[in-house]
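Student: I would like to go through this structure step by step, and I have several questions ready.

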There are 2 protein chains.
Amino acid sequence: MHDVRLSPTRRRNTFEVGQMTAEVKPAALQLTERQEARRRRILHASARLASRGGFDAVQMREVAENSGVALGTLYRYFPSKVHLLVATMQDQLQHMHETLRKRPPTEEEPAARVAQTLMRAFRALQREPHLADAMVRALTFADRSVSPEVDTVSRLTTAIILDAMGLDEAPTAEQLSAVRVIEHTWHSALITWLSGRASIAQVKIDIETVCRLIDLTAPAR
Amino acid sequence: MHDVRLSPTRRRNTFEVGQMTAEVKPAALQLTERQEARRRRILHASARLASRGGFDAVQMREVAENSGVALGTLYRYFPSKVHLLVATMQDQLQHMHETLRKRPPTEEEPAARVAQTLMRAFRALQREPHLADAMVRALTFADRSVSPEVDTVSRLTTAIILDAMGLDEAPTAEQLSAVRVIEHTWHSALITWLSGRASIAQVKIDIETVCRLIDLTAPAR
DNA sequence: CGTTTATCTAGAACAAGTTTCACTAACGCA
DNA sequence: TGCGTTAGTGAAACTTGTTCTAGATAAACG
């Protein structure tokens, strides 16, 4: 009777305040094996379609069909197309994080290390521009109903950057702000590249420029 | 026989390369008085609806109706909802630029001046959060077909920032990159605020953080 | 096991962006 | 001024995201 969703949030942009959803979401509410498999099939289909033709090519009916699941079921797992694509991004980011972890940046200085890491990530995205397009567009188009998921993506990105910095101690508030700014720049630069308004060279320069903030916010020693 | 649009571009995301649209677009191909009036009515209706309920509330049929124009005509003026909203943003930005020009920042240092200006702009947007939502979402969601228009918005923003800096001479390449990064941060921070993932205080800090790049890239004197 | 309840499926229905068409009004110009 | 061309109108059609419903399956649980 309850119509509880597998995925935690609702849709539609409203500007209500607060709401403080204090439910103690168990991170990934227990799924049966078949359900986990379904979820993976869906994400896989989503990524595959996205790789082909970007955001527009990820059509919910197609995703459902390609992953052998009814449309209603797809919506039970991911309550909107944006949710689906953001989840896809989460998935991809996790991979990337692992990959990057295996080959940590070679540079010495934190700023250079971060720039190097981001450019590496950037080159990875270049290999699947359509997929990148779909994910990033979904990410920035996401409204409040997707906040928790977008936040997860943001935390993952932050983790990647902090990893790259290779700090000895916990980051200061200032450094965290610098990291946020780097993240902003990263997303936005990606978008300008994806929409053909900036060259790769320009993205590189912007990344390097923003990474200078890291030196600037390094605690005095 | 020709079905030339009033607004210069087509829709739909394709990933064709280059294309270098070298057409010498006459900036705003001559419109008759009635046409100019229609255009204004449309933009006005768009902004009004956006102020009410953000991106979702701007429905093409409604815009058409509210501006006393047939749906097909609306599409002749603005080939998609995103085009319409980006044009709306252009319009609003122009106002803002003029307003800001009238009261230039009071701070001394370029970095502080820019931060002050952006926070002023930010407070203006706060007064119409729904409108801001609609415009910014459209802007970042825009695909290649909207590039020229998005570019115009970007140039306007750049102009505002450069104005705020109050330079004596032309900006260096380094400074331009810093400005681009500031712009990235500005958009992205706006989005995180609009989707409720960052507080106003946080946006302020991030803006101030990124503005430090201005000092960093100031030419040695 | 049998029953109860939550999930899944198939497919129709709905909403809003976009396109199309047949027609009329306005414009530009010889 | 008359006429060919472009722009605008109204309404229907089409597309794709989203919702809903009824019935079939699978899970949970006594």
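Student: Which element gives the most to the surface near DNA strand C?

Tutor: This is a predicted model, and what follows should be read in that light. Around DNA strand C there are 22 residues, of which A:A70, A:G72, A:T73, B:Q59 and B:S80 are the closest. At least two residues each come from α1 and α3 (71-77) of chain A and from α2 (60-66) and α3 (71-77) of chain B. The most, four residues, is given by α3(A).

Student: How do the residues of the surface near DNA strand C divide into nonpolar, polar and charged?

Tutor: Glycine is counted with the polar residues here. On that basis the surface near DNA strand C is made up of eight nonpolar, eight polar and six charged residues.

Student: Turning to the other strand, which element gives the most to the surface near DNA strand D?

Tutor: Of the 22 residues around DNA strand D, those that come nearest are A:Q59, A:S80, B:A70, B:G72 and B:T73. Two or more residues each are given to that surface by α2 (60-66) and α3 of chain A, and by α1 (33-57) and α3 of chain B. With four residues, the element that gives the most is α3(B).

Student: How are the two copies, chain A and chain B, related?

Tutor: Chain A can be laid on chain B by a turn of 180 degrees with a shift of 0.0 Å along the axis, and the RMSD is then 0.1 Å. The two copies are therefore related as by a two-fold rotation axis.

Student: What percentage of the contact residues of chain A recur in chain B?

Tutor: The contact takes 36 residues from chain A and 36 residues from chain B. The same surface serves both copies, and the share of the contact residues of chain A that recur in chain B is 100%.

Student: Which element supplies the largest share of the side of chain A that touches chain B?

Tutor: On the side of chain A that touches chain B, at least two residues each are supplied by α1 (33-57), α6 (129-141), α7 (147-165), α8 (173-194) and α9 (200-217) of chain A. The residues of this side divide into 14 nonpolar, 13 polar and nine charged. The largest share, ten residues, comes from α8(A).

Student: How many helices and how many strands does the secondary structure of chain A come to?

Tutor: From the N terminus on, the elements of chain A run α-α-α-α-α-α-α-α-α. The secondary structure of chain A thus comes to zero strands and nine helices.

Student: At which residue does α1(B) bend?

Tutor: A straight helix of 25 residues would span 36 Å at 1.5 Å a residue, whereas α1(B) spans only 29 Å between its end C-alpha atoms. Buried residues of α1(B), including B:I42, B:L43 and B:F55, belong to a set that packs against α2, α3, α4 (81-102) and α6 (129-141) of chain B. The bend in α1(B), of about 95 degrees, is at B:S51.

Student: Is B:K102 buried or exposed?

Tutor: B:K102 is found in helix α4 of chain B, and its C-alpha lies 30 Å from that of B:G53, a residue 49 places away in sequence. A residue counts as exposed if 12 or fewer other C-beta atoms lie within 10 Å of its own. Because B:K102 has 7 C-beta neighbours inside 10 Å, B:K102 counts as exposed.

Note on methods. Residues are numbered from 1 along each chain as its sequence is written. Chains are lettered from A and ligands numbered from 1 in the order in which they are written. This is a predicted model: local features need pLDDT of at least 70, side-chain atom pairs count only at pLDDT 80 or more; totals for chains, interfaces and linings use all residues. Two residues are in contact if their C-beta atoms, placed from the backbone, lie within 7 Å. A residue is near a molecule or strand if its C-beta atom, placed from the backbone, lies within 6 Å of it. Copies are superposed by least squares on the C-alpha atoms of residues with pLDDT of at least 70 in both. The expected span of a helix is 1.5 Å times one less than its number of residues. The bend at a residue is the angle between axes fitted to the seven residues ending there and the seven starting there. A residue is buried if 20 or more other C-beta atoms lie within 10 Å of its own, exposed if 12 or fewer, and partly exposed in between; C-beta atoms are placed from the backbone.
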